[in-house]
Every structure is written in C-alpha cells, then in structure tokens.
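Hi there,

Here is the structure I promised to pass along. Have a look at it first, and then read on for what turned up.

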Amino acid sequence: MEQVDGRRARGDATRRTVAREAAMVATVSGLDSITVGGLAAATGVSKSGILTVFGSRESIQVAAVGEARKIFREAVMAPAWGAEPGAQRLHAILDAWLAYQRGEVFRGGCFLTATSVEYGHRDGAVADSVRALKREWLTLLAADLATAGHPEPDDAAFRIDAFLAGANTMHQLFGGDGALEQGVRHAHAVVDEAR
C-alpha cells in the first residue's frame with residue numbers, strides 16, 4: 001500500500017511540474033510547440049515518465065490549460081476574491097491583473113491571449129479547453145458587471161477583455177508598462193460606467 005501511494009505522489013508531482021512548464025512554453029511559442037522531449041529537457045523528467053503520467057501530447061496540452069487556469073486564479077482572482085462582488089471586486093481583479101502582468105507570472109505574457117489566438121479556429125480537446133477557459137473569464141466579468149448594475153454586462157465584459165488582450169499584446173511587442181497601464185485604465189473606465 002505504501003509503495004502505491006508513493007508512486008501516486010510522484011505521478012502527481014510529475015503532472016504538476018510538467019503541466020506548469022507546458023503552460024509557460026505555451027505563452028512563448030504556443031501550445032503546438034510543446035513536445036515531450038522539450039518538456040523532459042526543461043523539467044528533468046524522463047520522456048517515458050512524462051508519457052506514463054499523461055499518455056499523449058494532447059493530454060499534456062489540455063493539462064497545460066488546466067494549470068494555466070490554476071495559476072491565473074491564484075495570481076488574479078484570489079487577491080480580489082475578498083472584495084465586495086460587483087464594481088469593487090472588478091477593480092480589484094483589474095489591479096491584480098496588472099500586478100500579474102508586471103510580475104511576469106507567465107514567461108510570454110497572458111496565457112489566455114496567447115492561446116485564444118492560436119486555437120480560435122480549431123476543434124478538439126485542446127481547443128475546447130481553451131474556449132472553456134476564455135468563456136469562464138468572460139462569464140465571471142459579466143456576472144460582476146451585472147451585479148455592479150452595468151446596463152450591458154456582456155458587452156462590457158467583451159470590452160474589458162479586449163482592452164486587456166490588447167495591452168498584453170502591446171506589452172509583449174514593445175515592452176514597458178505603458179500599454180498595460182493604458183489597457184487597465186480603459187478597463188476600469190468600463191467598470192465605472194455602471195455607476
């Protein structure tokens with residue numbers, strides 16, 4: 001019994017390590033660039049060890065999306081979750097998003113932005129995972145916008161997401177924090193329309 005538990009713990013640790021590295025790689029060069037060999041070299045986990053845990057490259061890609069969701073929730077949602085639902089929480093989320101970007105939590109910027117573009121026209125398990133993550137983000141924004149009394153919460157969520165995605169893109173292209181601050185400022189203004 002002890003031996004099985006040890007294997008399970010090692011498998012869980014391998015899964016987390018490899019999924020996290022895959023999520024990082026995805027922000028720099030895309031989910032399609034993820035290879036078992038590259039992950040083995042970056043993590044020190046053998047190729048056979050990775051394939052034993054995941055079974056396929058597609059499973060690794062789906063796990064990368066799941067790990068990115070966890071990272072995003074820890075970095076952006078958790079710091080804001082204690083705020084009052086509605087405008088106050090949205091402002092806190094936007095401030096946490098700016099800190100998340102400044103802190104370079106992902107090597108290549110926002111995971112949502114990078115993967116949404118890469119998988120926007122595709123089908124399959126990986127594309128479904130990317131869509132679910134984006135949908136969850138937009139739904140969360142719209143729910144708090146509705147709570148804040150915004151007259152068009154879905155439209156406002158779309159605009160906030162567009163401002164943040166644009167800010168991420170400009171930041172990745174040109175560096176500096178100016179574009180990030182500009183995008184967040186415009187997003188805050190969308191939230192303030194609810195007043």
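Which residues in α5 meet which residues in α7? Please keep in mind that this is a predicted model. On the α5 side they are A87, R89, L90 and I93, and their partners in α7 are W137, L140, L141, D144, L145 and A148. By type, the residues of this contact divide into eight nonpolar and two charged, with no polar ones.

As for the geometry, helix α5 covers residues 87-102 and helix α7 covers residues 125-148. The two pack with their axes 8 Å apart, at an angle of about 140°, which makes α5 oblique to α7.

Next, helix α9 (residues 178-192). Its 15 residues should span 21 Å at 1.5 Å a residue, and the C-alpha atoms at its ends are indeed 21 Å apart, so the two values agree. Buried residues in α9 are A179, L180, G183, V184, A187, H188, V190 and V191. They pack against α5, α7 and α8 (153-174), so you will meet α5 and α7 again here.

Now for the charged pairs. The whole structure holds 13 salt bridges, and these are some of them:

- E21 and R107 meet through their side chains at 2.6 Å, N to O. This pair links distant parts of the chain, 86 residues apart: E21 sits in helix α1 (residues 2-29), and R107 in the loop between α5 and α6 (111-119). E21 counts as buried because its relative accessibility is 14%, under the 20% cut-off, whereas R107, at 49%, counts as partly exposed.

- D177 and R102 form a salt bridge at 3.1 Å, N to O. D177 lies in the loop between α8 and α9 and R102 in helix α5, so the pair ties together parts 75 residues apart in sequence. D177 is partly exposed, with a relative accessible area of 30%, and R102 is partly exposed too, at 41%.

- R159 and E193 meet at 2.7 Å, N to O. R159 belongs to helix α8 and E193 to the segment after α9, which puts them 34 residues apart. R159 has a relative accessible area of 25% and is partly exposed; E193 is partly exposed at 38%.

- R20, E67 and K70 are linked in a network of salt bridges.

If you open the model, the contact of α5 with α7 is a good place to start, followed by the buried residues of α9.

Best wishes

Conventions:
Residues are numbered from 1 along each chain as its sequence is written. This is a predicted model: local features need pLDDT of at least 70, side-chain atom pairs count only at pLDDT 80 or more; totals for chains, interfaces and linings use all residues. Side-chain values use heavy atoms; hydrogens and water are left out. Axes are lines fitted to C-alpha atoms, for helices over the stretch in contact, and angles run from 0 to 180 degrees between N-to-C directions. Helices (H or I, at least four residues) and strands (E, at least two) are DSSP runs, numbered from the N terminus. Angles under 35 degrees count as roughly parallel, over 145 as roughly antiparallel, 65 to 115 as roughly perpendicular and the rest as oblique. Contact means heavy atoms within 4.5 Å. Ala, Val, Leu, Ile, Met, Phe, Trp, Tyr, Cys and Pro count as nonpolar, Asp, Glu, Lys and Arg as charged, and the others, Gly among them, as polar. The expected span of a helix is 1.5 Å times one less than its number of residues. Buried means under 20% relative accessible area, exposed over 50%, partly exposed in between (1.4 Å probe, protein chains only). A salt bridge is a side-chain nitrogen of Lys or Arg within 4 Å of a carboxyl oxygen of Asp or Glu.
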